[in-house]
Amino acid sequence: MDKQERDRLLTAAMNEYGHYLIRLAYAFVKDQTKAEDIVQEVFIRYYIHLEDFEGRSSVKTYLYSITVNECHNYFKSWTYRKTELTNLAGALLVNKQTPEDTLLKNESIHYVAQLIEKLPLKNKEVLWLHYYAELSVKEIAEVLKCSANTVKTRLARGREKARLTMSEEEIEHAREH
């Protein structure tokens, strides 16, 4: 494959999936700049390994898989651990909530996002990929390199765990919206 063809494929992938990959990475890392950095790394890896891509899955699934892996790598990194310690220290020193924060907290979408965030990583990632990235069970299985039945089980358990962590007030609020 010549350089011009590789550049064309990269540009097409960036134009078609870049926004979605940033949203996915942001769902994991909760930092827009870091999400953009992760997606940049995803496209670098895609470009470098373009000739290795055998087409057994779609480009979308392949890129989502790389993105999830990069997010996992970020969580293992010293940068992340250092950032978390800094944020924790800051939160202990200053614990103020603005009216805007209070309003957002009452929105049902925000409730769902909070519930998902509290779940174990295995449940959280399948819920994000299914509901926010809108991937099918089969595509999620390809991204996470596990069976479709494993994905279905994690989805069911994740939904159940999220439901069990909701207070009665949150359940009533979600029903109203």
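**Close-up views of a helical chain**

In this predicted model, Lys145 is exposed, because its relative accessible area of 63% lies over the 50% cut-off.

**View 1. Lys145 in the loop that follows helix α8.**
Lys145 is found in the loop between α8 and α9, and its phi is near 55 degrees, a positive value in a residue other than glycine. As background to this view, most residues other than glycine have a negative phi.

**View 2. Lys30 in the loop between α1 and α2.**
Here another lysine with a positive phi is shown, for the phi of Lys30 is near 60 degrees. The loop in which Lys30 sits follows α1, which covers residues 3-29, and leads to α2, which covers residues 32-48. Lys30 counts as partly exposed because its relative accessible area is 38%, a value between the cut-offs of 20% and 50%.

**View 3. The whole chain, as a setting for the other views.**
The chain contains ten helices and zero strands, and its pattern, read along the sequence, is α-α-α-α-α-α-α-α-α-α. The chain has 177 residues, of which 31% count as buried. Among the contacts in the chain with a separation of 6 or more, 63% are made by residues that stand 24 or more positions apart.

**View 4. The buried residues of helix α8.**
Helix α8 runs through residues 137-144, and its buried residues are Ile140, Ala141, Val143 and Leu144. Seen down the axis of α8, these buried residues fall within an arc of 165 degrees, so they line one face of the helix. A general point helps in reading such a view: an α-helix has 3.6 residues a turn, so residues three or four places apart point the same way. The elements that cover the buried residues of α8 include α3 (59-76), α7 (121-132) and α9 (148-165).

**View 5. The contact of helix α7 with helix α8.**
Two packed helices are described by the angle between their axes and the distance between the axes. The axes of α7 and α8 come within 10 Å and cross at roughly 135 degrees, and the two helices are therefore oblique to each other. Their crossing is right-handed. On the side of α7, the residues that meet α8 are Glu125, Val126, Leu129 and His130, while α8 contributes Ile140, Val143 and Leu144. By class, the residues of this contact divide into five nonpolar, one polar and one charged.

**View 6. The contact of helix α3 with helix α7.**
The axes of α3 and α7 come within 13 Å and cross at roughly 145 degrees, and α3 passes α7 in a right-handed crossing. From α3, the residues Tyr64, Val68 and His72 meet Leu121, Glu125 and Leu129 of α7. This contact has four nonpolar residues, one polar residue and one charged residue. Glu125 and Leu129, which take part here, also belong to the residues of α7 that meet α8.

**View 7. Met14 in helix α1.**
How exposed or buried is Met14? Met14 is partly exposed, because its relative accessible area is 41% and thus lies between the cut-offs of 20% and 50%. Met14 and Val39 are 25 residues apart along the chain, and their C-alpha atoms are separated by 9.4 Å.

Conventions: Residues numbered from 1 in each chain as written. Predicted model: local features only at pLDDT ≥ 70, side-chain atom pairs only at ≥ 80, totals over all residues. Heavy atoms only, no water. Buried < 20%, exposed > 50% of the residue type's maximum accessible area, 1.4 Å probe, protein only. Helix = DSSP H or I, 4+ residues; strand = E, 2+ residues; numbered from the N terminus. Arc of directions from axis to C-beta. Contact = heavy atoms within 4.5 Å. Axes fitted to C-alpha atoms, helices over the stretch in contact; angles between N-to-C directions. Parallel < 35°, antiparallel > 145°, perpendicular 65-115°, else oblique. Left-handed = near helix turned anticlockwise from the far one by under 90°. Nonpolar A, V, L, I, M, F, W, Y, C, P; charged D, E, K, R; others polar.
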